[in-house]
Amino acid sequence: MTNVHVITEGGTKNQREFATELTCWYINKELPRYKNLSVEIDLVKLDTHGYIDKIDNRQFQIEINKKLKGDDFITCIFHELTHMEQFLRNRLGINEDNDNIHYLDRAYEIDAYEKQEELLEEWKNETSK
């Protein structure tokens, strides 16, 4: 991961380390050719599971609800990282105004929900060895 910076703040030390590990795994797997990425993950109290904000073309801030546990924590991180990939690749209309489309009917949300489950299984298979 050349020139990829992952900064994790908030939550517990174990949560920060795990979030960083998951993020690095995702980037190595899904975005190996992307350089000069900066990802800040804030583990905070939220009313939702997670959120991503594109700061600029290669800089992202992700907020994850620190109360999430187990698979919910993992899939939330993978879900938001999938959105990061969609921003980077300008896929599925993520950069467009979609306020008139129901949240769960947006192409980029359908993709992220499907991919988070696939990635969870891959993560479990790779780390259980």
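Start by selecting Phe-73, which counts as buried because its relative accessibility is 3%. The model on screen is a predicted one. Phe-73 belongs to helix H2, residues 70-89. Show the neighbours of Phe-73, leaving aside residues up to four places away in sequence: it touches Gln-15, Phe-18, Ala-19, Leu-22, Leu-43, Ile-64 and Leu-68. Then follow the chain 12 residues along to Glu-85, where the C-alpha atom is 19 Å from that of Phe-73. Keep Glu-85 in mind, as the tour returns to it later.

**The sheet**

Colour the strands next. Four of them make an open sheet with mixed pairing, in the order E1-E2-E4-E3. E1 (4-10) and E3 are the edge strands, each pairing on one side only. Ignoring direction, neighbouring strands of this sheet are turned against each other by 15° on average. For H2, look at its packing on the sheet: it touches E2, E3 and E4, and its direction makes about 160° with that of E4.

Now select E4, residues 59-65, together with E2; the two pair in the parallel sense over seven bridges. Within this pair, Glu-40 stands opposite Gln-61 in E4. Then add E3, residues 50-56, which runs antiparallel to E4 and is joined to it by six bridges. Two positions to label here are Ile-52, which stands opposite Ile-62 in E4, and Gly-50, which stands opposite Ile-64 in E4. Trace the backbone from E3 into E4 and you pass through a hairpin of two residues.

Helix H1 is the next element to display. H1 lies across E1 and E2, and runs at about 155° to E1. Leaving H1 (13-30), follow the loop that leads to E2 and stop at Asn-36. Asn-36 is not a glycine, yet it has a positive phi of about 55°.

**Asp-42**

Go on into E2, residues 37-44, and select Asp-42. Which side chain of opposite charge is nearest to Asp-42? That side chain is Arg-16, 9.7 Å away; Asp-42 is buried yet has no salt bridge. A salt bridge would need a side-chain nitrogen of Lys or Arg within 4 Å of a carboxyl oxygen of Asp or Glu. What can be drawn instead is a polar contact of 2.6 Å between the side chains of Asp-42 and Gln-61. Not counting residues up to four places away in sequence, Asp-42 touches Glu-9, Gln-61, Ile-62, Glu-63 and Ile-64.

**Salt bridges between helices**

Turn to the charged side chains. The whole structure holds seven salt bridges, among them the three below.

Select Glu-122 and Lys-29 first. Their side chains meet in a salt bridge at 2.6 Å, N to O. Glu-122 is in helix H3 and Lys-29 in helix H1, so the pair links distant parts of the chain, 93 residues apart. Glu-122 counts as partly exposed at 29% relative accessibility, and Lys-29 is partly exposed with a relative accessible area of 33%.

Next, select Asp-71 and Lys-124. They form a salt bridge in which the closest N and O atoms are 2.8 Å apart. Because Asp-71 lies in helix H2 and Lys-124 in helix H3, this pair ties together parts that are 53 residues apart in sequence. Asp-71 is partly exposed, with a relative accessible area of 35%; Lys-124 also counts as partly exposed, at 33% relative accessibility.

Then go back to Glu-85 and add Lys-115, which is found in H3, residues 107-127. The side chains of Glu-85 and Lys-115 meet in a salt bridge at 2.6 Å, N to O. With Glu-85 in helix H2 and Lys-115 in helix H3, the pair ties together parts 30 residues apart in sequence. Are these two residues buried or exposed? Both Glu-85 and Lys-115 are buried, and Lys-115 has a relative accessible area of 12%. Around Lys-115, setting aside residues up to four places away in sequence, the residues touched are Tyr-26, Glu-30, Thr-82 and Glu-85.

For the last view, select Lys-29, Glu-30, Glu-85, Arg-89, Lys-115 and Glu-122 together: salt bridges that share partners join these residues into one network.

Technical notes
Residues numbered from 1 in each chain as written. Predicted model: local features only at pLDDT ≥ 70, side-chain atom pairs only at ≥ 80, totals over all residues. Heavy atoms only, no water. Helix = DSSP H or I, 4+ residues; strand = E, 2+ residues; numbered from the N terminus. Buried < 20%, exposed > 50% of the residue type's maximum accessible area, 1.4 Å probe, protein only. Lys, Arg positive; Asp, Glu negative; His and termini not counted. Polar contact = N/O pair within 3.5 Å; in protein donor to acceptor, adjacent residues only side chain to side chain. Contact = heavy atoms within 4.5 Å. Pairing = 2+ DSSP bridges. Axes fitted to C-alpha atoms, helices over the stretch in contact; angles between N-to-C directions.
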